[in-house]
Amino acid sequence: MSTTQRCESINSYIKRFLNCKIPLRDFIRHVDIAQRNIRESERHDDFISYYTEPAYPTDATLIGYLRQYGAACTRQVFHMVKLEVDLESRYNIVGREAEGTSNIFKLRKFSHQGSEYTVTHSMVDNHLQCSCRQFESDGIPCRHIFAVMKNLDLQHVPPTLIKRRFTVRAKEGVTDFVVPPSYQDVPQVVEMSRFGTLNILATHMNSLAAKLDSSYNIAKDKMRELILQFQLALEEQQDPASSDILNERSSTPRRLVRDPVIVQTKGCRDSDFSEPGVQRQVGNKCGRCGVRGHYRTTCRAPMEQDSQATTQGYETASHTDATPSTSGNNQPFPGSI
């Protein structure tokens, strides 16, 4: 994996925690969270690779290869190799040629007459190289290489087919992280660099000390002595002025940001609800009589007032007009009753 690929991988992961609308303070906090998650995931994977053993299939023909990769490589690489080992039985060797110190094998997938793969085997160091170039690209031997290894009856995987960067001991060779000159004056960067170096050395020491009871007790006692020694050295190197500032900050009560006070929304309140202790009346209010429970169109009060006004008008007309009605019927005039 090149430097560009590593940067693109980290950028793709951190992009999940960011978007274009977050402010700058949240951006820095989200980046710190993403980096912390990467470190925690790496520690989790290291623990599984160091202190657990993968589950090997009982019916696998090449179980010896799987055991070798399971003991040497990380768990993720083991699962990738297991997939290639399971698929090697689909390929048959259709040709073999010898050229100097190398043997050339031609493979073809069962019931597929189109594509062929060429695997070159070096008899000097048992290195194998396939025309699919998967090992050069991903660092994992392809299924064609495993098919040729089974045909050659190789009992062990050649060391040239196991990448050191995929093994569980890949970090043991790193004795110190180099801090760039532009960041040597930044205390946080220097501290994280030292922490990474000590973490690698401590992990290797713990894996060796945990195997025996005597080494475990010695390591535990030495660690306790070193912890006390480092704590005393840190207290001696601490500046009194800075310690006073830290004590003052620790004694100052923290200001917690709480939820805002809920206020009423804008708008005029109802007159019957503004006074305390008065319950709000629920229901429709008539626009004419002002009584709740009906609408203006269903109000009966206007109809009764109109009928009374019409009756009074008819009575006035009967007293002023002396001529009786000459209509063809004998019914009395409306309003005379």
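## Close-up views of a predicted model

**View 1. Lysine 109 and its contacts in the predicted model.** Beyond the neighbours within four places in sequence, lysine 109 is in contact with Arg90 and Tyr91. The model shown here and in the other views is predicted. Lysine 109 has its place in strand S2. Its C-alpha atom is separated by 5.8 Å from that of arginine 90, although the two residues are 19 residues apart along the chain. Lysine 109 counts as partly exposed because its relative accessibility is 27%, and the range for that class lies between 20% and 50%.

**View 2. Histidine 144 in helix H6.** Histidine 144 is found in helix H6. With a relative accessibility of 4%, histidine 144 counts as buried, since the class requires a value under 20%. Leaving aside neighbours within four places in sequence, the contacts of histidine 144 are Tyr91, Leu107, Tyr117, Val119, Cys130 and Cys132. Tyr91 also appears in View 1, as a contact of lysine 109.

**View 3. The largest nonpolar core.** This core has 31 residues, and the members that touch the most others are Tyr69, Val119, Leu128, Ile145, Phe146, Met149 and Leu161. Two or more residues each come from helix H3 (63–72), helix H4 (75–87), strand S2 (102–109), strand S4 (128–130) and helix H6 (143–152). Helix H6 gives the largest share, 6 residues.

**View 4. Methionine 149 and its surroundings.** Methionine 149 is listed among the core residues that touch the most other members. Apart from neighbours within four places in sequence, methionine 149 is in contact with Tyr65, Leu128, Leu154, His156, Val157, Pro158 and Leu161. Of these contacts, Leu128 and Leu161 are also listed with methionine 149 among the core residues that touch the most other members.

**View 5. Helix H4 and what covers it.** The 13 residues of H4 should span 18 Å at 1.5 Å a residue, and the end C-alpha atoms are 19 Å apart, so the two values agree. The buried residues of H4 are Arg75, Val77, Phe78, Val81, Glu84, Val85 and Leu87. Their cover includes helix H2 (24–51), H3, strand S1 (91–99), helix H5 (134–138) and H6.

**View 6. Glutamate 84, a buried residue of H4.** Glutamate 84 is found in helix H4. Its relative accessibility is 6%, so glutamate 84 counts as buried. Outside its neighbours within four places in sequence, glutamate 84 is in contact with Gln134, Ile140, Pro141, Cys142, Arg143 and Phe146. Phe146 is also one of the residues that touch the most other members of the core in View 3.

**View 7. The largest cavity.** The structure holds 1 cavity of 30 Å³ or more, and the largest cavity has a volume of about 30 Å³. Its lining is made of Tyr69, Cys73, Val77, Gly139, Ile140, Leu161, Ile162, Lys163 and Phe166. By class, 7 of the lining residues are nonpolar, 1 is polar and 1 is charged. Val77 is among the buried residues of H4, while Tyr69 and Leu161 are among the core residues that touch the most other members.

**View 8. The second largest pocket.** This pocket holds about 610 Å³ of space. It is lined by 16 residues, of which Arg194, Phe195, Leu198, Leu226 and Phe230 are the closest to its centre. Helix H7 (187–209) and helix H8 (213–237) are the elements that give two or more residues to the lining. The largest share, 9 residues, comes from H7. By class, the lining has 13 nonpolar, no polar and 3 charged residues.

How values were computed
Residues are numbered from 1 along each chain as its sequence is written. This is a predicted model: local features need pLDDT of at least 70, side-chain atom pairs count only at pLDDT 80 or more; totals for chains, interfaces and linings use all residues. Side-chain values use heavy atoms; hydrogens and water are left out. A nonpolar core is a set of buried Ala, Val, Leu, Ile, Met, Phe, Trp, Tyr and Cys residues joined through side-chain atoms within 4.5 Å. Buried means under 20% relative accessible area, exposed over 50%, partly exposed in between (1.4 Å probe, protein chains only). Helices (H or I, at least four residues) and strands (E, at least two) are DSSP runs, numbered from the N terminus. Contact means heavy atoms within 4.5 Å. The expected span of a helix is 1.5 Å times one less than its number of residues. On a 1 Å grid over the protein atoms alone, a cavity is a set of points where a 1.4 Å probe fits but cannot get out, and a pocket is an open set with protein on both sides within 12 Å along at least five of seven lines; lining residues have an atom within 4 Å of a point. Grid points are joined across faces, edges and corners, and a volume is the space filled by probe spheres set on the points. Ala, Val, Leu, Ile, Met, Phe, Trp, Tyr, Cys and Pro count as nonpolar, Asp, Glu, Lys and Arg as charged, and the others, Gly among them, as polar.
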